[in-house]
Amino acid sequence: MNYRIVGDSDNPYVDVSLPTGQRIKLESGAMVFMKGVNIEGKLNSNSKGIGGLFKAVARSAVSGESMFITEAEGTAPDGRIGIAPSVPGCIRKLTVGDSQYRLNTGAFLCCDDSVGYNMISQKNLGKAVFGGTGGFFIMETTGYGDLFVNAFGDMLELEVTEGDPIIIDNEHVVAWDSKLDYNIRVASGVIGFTSGEGLVNEFHGNGKILIQTRNVHSL
């Protein structure tokens with residue numbers, strides 16, 4: 001993807017060159033401007049017809065993601081589209097292929113048409129009910145290409161190594177290497193909330209995690 005990240009660190013957008021025939025996918029409602037580009041809203045599902053509609057509705061209900069996704073296609077040699085997230089903060093490009101990622105709710109911004117994703121069910125009921133990383137399902141990437149994620153505040157990278165797990169507040173997780181395992185648990189105290197931290201993710205294995213420095217729900 002030929003792109004520029006434009007603007008200051010708090011309020012950037014992605015300016016993507018989209019010449020004739022090239023296509024990308026973006027979060028519904030994320031388009032800022034376009035020229036020489038055609039956009040089309042589609043159900044956020046790999047299936048068509050009434051089955052696709054039900055899957056898109058179910059996916060939205062259990063994951064917190066939109067039931068629609070926008071596809072953009074260049075219609076002119078100098079086609080361009082500007083894409084921005086709904087909250088102020090950082091935008092980061094991830095290269096999907098040798099590494100695949102799992103995304104927190106609201107982290108997806110846009111990607112090459114060659115990048116896809118599946119909804120992966122959480123491992124247990126505790127994660128599904130209490131987890132801040134997508135509810136009953138989380139998004140896992142597939143394919144090859146560029147993927148852009150956004151954060152509320154700045155976005156930082158943490159490395160996890162085998163035998164040295166890291167604990168992160170649920171609301172600060174943006175994306176993580178799909179090879180990592182994790183558990184969701186209460187932070188501290190008899191009922192888990194006496195420290196004010198609530199629920200946390202404990203990551204194990206080898207890989208990287210992207211975190212955001214601010215919590216949109218605390219705002």
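**Strands, cysteines and a surface patch in a predicted model**

Good morning. Three strands of this structure make up an open sheet, in the order β15-β18-β17, and their pairing is antiparallel. Its edge strands are β15 (166-169) and β17 (181-186), each of which pairs on one side only. On average, neighbouring strands of this sheet are turned by 30 degrees against each other, direction ignored.

Before going further, I should state the conventions. This is a predicted model, in which local features need pLDDT of at least 70 and side-chain atom pairs count only at pLDDT 80 or more, while totals for chains, interfaces and linings use all residues. Residues are numbered from 1 along each chain as its sequence is written, and side-chain values use heavy atoms, with hydrogens and water left out.

Some terms also need their rules. Strands are DSSP runs of E with at least two residues, numbered from the N terminus. Two strands pair if DSSP finds at least two bridges between them. For the angles, axes are lines fitted to C-alpha atoms, and angles run from 0 to 180 degrees between N-to-C directions.

With these rules in hand, let us return to the sheet. β17 and strand β18 (residues 199-204) pair in the antiparallel sense, over six bridges. Within this pair, Val186 stands opposite Leu199 in β18.

I now turn to another sheet. Four strands form an open sheet in the order β1-β2-β7-β4, again with antiparallel pairing. The strands at its edges are β1 (2-6) and β4 (31-35), and each pairs on one side only. Here the average turn between neighbouring strands is 15 degrees, direction ignored.

Let us walk through this sheet from β1. Five bridges join β1 to β2, and the two strands run antiparallel. One facing pair is Ile5 and Val14, the latter in β2. β1 and β2 form a hairpin with six residues between them, and Gly7 in the turn has a positive phi of about 105 degrees.

Next comes β7. Strand β2 (residues 13-17) is joined to β7 by four bridges, and these strands run antiparallel. The bridge partner of Val16 in β7 is Ile81. On the way to the other edge, β4 and strand β7 (residues 80-83) pair in the antiparallel sense over four bridges. Met34 stands opposite Ile81 in β7, and Lys35 stands opposite Arg80 in β7. Ile81 therefore has a place in both pairings, as bridge partner of Val16 and opposite Met34.

Met34 also leads us to the surface. Together with Met31 and Ile39, Met34 makes a nonpolar surface patch of about 210 Å². A patch is made of residues with over 30% relative accessible area and no salt bridge; like charges are joined within 9 Å, and nonpolar side chains (Val, Leu, Ile, Met, Phe, Trp, Tyr) within 5 Å. A salt bridge is a side-chain nitrogen of Lys or Arg within 4 Å of a carboxyl oxygen of Asp or Glu. Accessible areas come from the Shrake-Rupley method with a 1.4 Å probe, and for residues only the protein chains shown count as cover.

Ile39 belongs to strand β5 (residues 37-43). Is Ile39 buried or exposed? With a relative accessibility of 31%, Ile39 counts as partly exposed, since buried means under 20% relative accessible area, exposed means over 50%, and partly exposed lies in between. Thr142, in strand β12 (residues 137-143), is likewise partly exposed, with a relative accessible area of 28%. Thr142 and Asn118 are 24 residues apart in sequence and 7.3 Å apart in space, C-alpha to C-alpha.Let us move to the interior. Five of the five residues of strand β10 (residues 108-112) are buried, so β10 is largely enclosed by the rest of the structure. Three bridges join strand β3 (residues 23-27) to β10, and the strands run antiparallel. In β10, Cys110 is the bridge partner of Leu26. Three bridges also join β10 to strand β13 (residues 145-150), with the strands running antiparallel. Phe108 stands opposite Val149 in β13.

Finally, the cysteines. A disulfide is a covalent bond between the sulfur atoms of two cysteines. In this analysis, a disulfide is a pair of cysteine sulfur atoms within 2.5 Å. How many disulfides does this rule give? The count comes to zero. The sulfur of Cys110 is 7.1 Å from the closest cysteine sulfur, in Cys111, which is too far for a bond. Cys110 is buried, at a relative accessible area of 0%, and Cys111 is buried at 2%.

Thank you for your attention.

Notes: Buried < 20%, exposed > 50% of the residue type's maximum accessible area, 1.4 Å probe, protein only.
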